[in-house]
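Let's walk through this one together, question by question. Have the sequence and the model open beside you as we go.

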Amino acid sequence: MHVALTGATGFLGLRLLRELLTRHDSLTVLAHSGGACALRRITRFMELTGAPASLVEELPRRLRTVDVDLGRPRMGLSADAFQELADELDVIWHSAGNIKLDDALVNLRQVNVEGTRTVLELAAVGVRKPVVHHISTAFVGGARRDGVLYEDELDDTHGFENGYEQSKYEAEVLVREWSRVHGRPVVIMRPGVLVTDLPPHPDLPRHPMQFIREAGQSWLPEVTGAMSHGNRPVLRMPGHPHGHLNLMPVEHAAAVMVQLAGMPSSGRVDTYHVVHEHDVSVDVMTALTERFMRVQVKIVDEAPEDPTPLEAATDLYPGFMAYLKHRRRFDDTRVRTLLGPVSSGIRVGVEYLSSGLTTKATAVSGTGAR
Ligand SMILES: NC(=O)c1ccc[n+]([C@@H]2O[C@H](COP(=O)([O-])OP(=O)(O)OC[C@H]3O[C@@H](n4cnc5c(N)ncnc54)[C@H](OP(=O)(O)O)[C@@H]3O)[C@@H](O)[C@H]2O)c1
C-alpha cells in the first residue's frame, strides 16, 4: 500500500508522519518547502523528539519527496507528473493548510480550499482510487458558541469566528460533494486546538498558542511598565465566565487519527471529532495569560468601551480571542464507538501548556518527546 502525505513538515503533519512510519515502510511526502528542506526538517524533528537513531538514518530511504505547491493548479506539477503520482497512490493524507486565523480569506482559501480541490483531483485521476484522509478541524462548527456539535453536522448558519474556520468549512463541503459525485470513500478528521508540552525550539514548527508567550516577551512589558507601578495591571478580556475550549495533545491526536484510518469505511464520508475528553476552562486560559504576560486578567462580557493603553494594544491573536466565549462540546461518539475510550491520560492544564511555550536551556523534554 502506498501512502502520500501533504503538510508533513507541519505541527500535526510531523506527528502523523511519525505514526505512519510505524505502519508503512515507505511514504511519499508532498513537500512545500522543497524535498531537501522537508527531509532536513523531518530529520530534525525526529532527533529532537528522541526517535531511535536507526529510524533517523533510514529516513532518506523510506521517504520519497515530491515538491508541490497546493496553491497552484496540479500542485505545480506537469500533467504527466501529476498523473504518474496519482497512479502510484492507495491513500492520501491531506494535512497541509494555512492555519493563520486572521489571514485574508483569499489567502486562506488558496491553500485550504483550492489546495483541497487539487488533492481531490489527484485522488480522482489515480487508477488505484486512493482513499483521502482529510484533516479538517472541529472549528468548522463556526460561531455557534454553545450546545453540542455532532460529527455528521456541517452547517454554516451561525457564521464563522474567522476566515480560517470559513475556509476549512468550505473545504469540507468540497470533500463531501466530491465523495458524493465520485462515489468514493473519504475520512474526515476534525481535531480540537492542537497543543503539546514539548518546549519550543527554532527547528520545530510553531506551537499554535505561542502568541501568548510572544505577547509577554515583546512589546507588552513597555506598555505594562508605563501604566503599572509595582502591581500587575488589569487586563479586561471579553469571554464567558463558564467558557471552555477543547485542547488536544497533538501527539495523541495523530495516534488516534492513524488508528481511525485503519477502521472499516462506510464507503462514503466518515467524519470524526478527534478531541480531548475534558475541555479546558477559561480559567486555565486566564492563568496562562497571567503567567506569560504578567497581568491580572478579568473576564468581562464585552470588550471595554474605555480600554486602557494596555487593553487597546492587546488583541493577542485576532480571531482567537472569541473562543473565550465558547461553551460548546464536540461529540465524539463515532470515535469512541470504533476505538473505545481514547484517553491520552494527559491532563491539559496550566503546567502542561506552559511547558509547551517555555524554551528550555537544555535538551527538549515533555510527553511530546519520545
Ligand atoms: N494546529 C492546530 O491547532 C489545528 C487544529 C485543528 C485542525 N488543524 C488542521 O491540521 C492541519 C495541519 O495543521 P498544522 O498545525 O500542522 O499546520 P502548520 O504547522 O502550519 O503546517 C502546515 C503544513 O502545510 C504545508 N503547506 C502550507 N502551505 C502549503 C502549500 N501551498 N502547498 C503545500 N503545502 C503547504 C506546510 O509546509 P511548509 O511548512 O513547508 O510551508 C506545513 O507542512 C491543517 O489542515 C489544519 O487546518 C490544525
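**A buried glutamate and its partners**

Glutamate 251 lies in helix H9 (residues 250-261). Keep in mind that this is a predicted model.

Q: Is glutamate 251 buried or exposed?
A: The relative accessibility of glutamate 251 is 13%. Buried means under 20%, so glutamate 251 counts as buried.

Q: With which side chain does glutamate 251 make a polar contact of 2.7 Å?
A: Let's look at two contacts of this side chain. The side chain of glutamate 251 makes a polar contact with that of arginine 15 at 3.3 Å. At 2.7 Å, its partner is the side chain of threonine 196.

Q: Over which ring does the charged end of arginine 15 sit?
A: Arginine 15 has already appeared as a polar partner of glutamate 251. Its charged end also lies 4.8 Å from the centre of a ring, and sits over that ring, which belongs to phenylalanine 11.

Q: How does the span of helix H6 compare with what its residues should give, and what is that span?
A: Helix H6 covers residues 163-182, which is 20 residues. At 1.5 Å a residue, these should span 28 Å. The end C-alpha atoms agree with this, being apart by 28 Å.

Q: Which residue follows H6?
A: Look just past the end of the helix for a residue with a positive phi, near 60 degrees. That residue is glycine 183.

Q: What kind of aromatic pair do phenylalanine 139 and tyrosine 323 form?
A: The structure holds five aromatic pairs. In the one formed by phenylalanine 139 and tyrosine 323, the centres are 4.9 Å apart and the planes meet at 65 degrees. Planes over 60 degrees apart count as edge-to-face, so this pair is edge-to-face.

Q: How many residues apart are phenylalanine 139 and tyrosine 323?
A: Phenylalanine 139 is in the loop between strand S5 (131-135) and strand S6 (148-149). Tyrosine 323 is in the loop between helix H11 (309-313) and strand S15 (329-330). The pair links distant parts of the chain, with the two positions 184 residues apart.

Q: How much of the area that the ligand exposes when taken alone does the protein bury?
A: The ligand is surrounded by 28 residues, with Thr9 and His32 among the closest. A polar side-chain atom of threonine 9 lies 2.7 Å from a ligand oxygen atom, and a backbone N or O atom of leucine 194 lies 2.9 Å from an oxygen atom of the ligand. Taken alone, the ligand exposes 900 Å², and of that the protein buries 87%.

Technical notes
Residues are numbered from 1 along each chain as its sequence is written. This is a predicted model: local features need pLDDT of at least 70, side-chain atom pairs count only at pLDDT 80 or more; totals for chains, interfaces and linings use all residues. Side-chain values use heavy atoms; hydrogens and water are left out. Rings of Phe, Tyr and Trp (its six-membered ring) pair if their centres lie within 6.5 Å; planes under 30 degrees apart count as stacked, over 60 as edge-to-face and the rest as tilted. Helices (H or I, at least four residues) and strands (E, at least two) are DSSP runs, numbered from the N terminus. A charge sits over a ring if NZ of Lys or CZ of Arg is within 6 Å of the ring centre and within 35 degrees of the ring normal. A residue is near a molecule or strand if one of its heavy atoms lies within 4 Å of it. A polar contact is a pair of N or O atoms within 3.5 Å; within protein, one must be able to donate a hydrogen and the other to accept it, and residues adjacent in sequence count only if both atoms are side-chain atoms. Accessible areas come from the Shrake-Rupley method with a 1.4 Å probe; for residues, only the protein chains shown count as cover. The expected span of a helix is 1.5 Å times one less than its number of residues. Buried means under 20% relative accessible area, exposed over 50%, partly exposed in between (1.4 Å probe, protein chains only).
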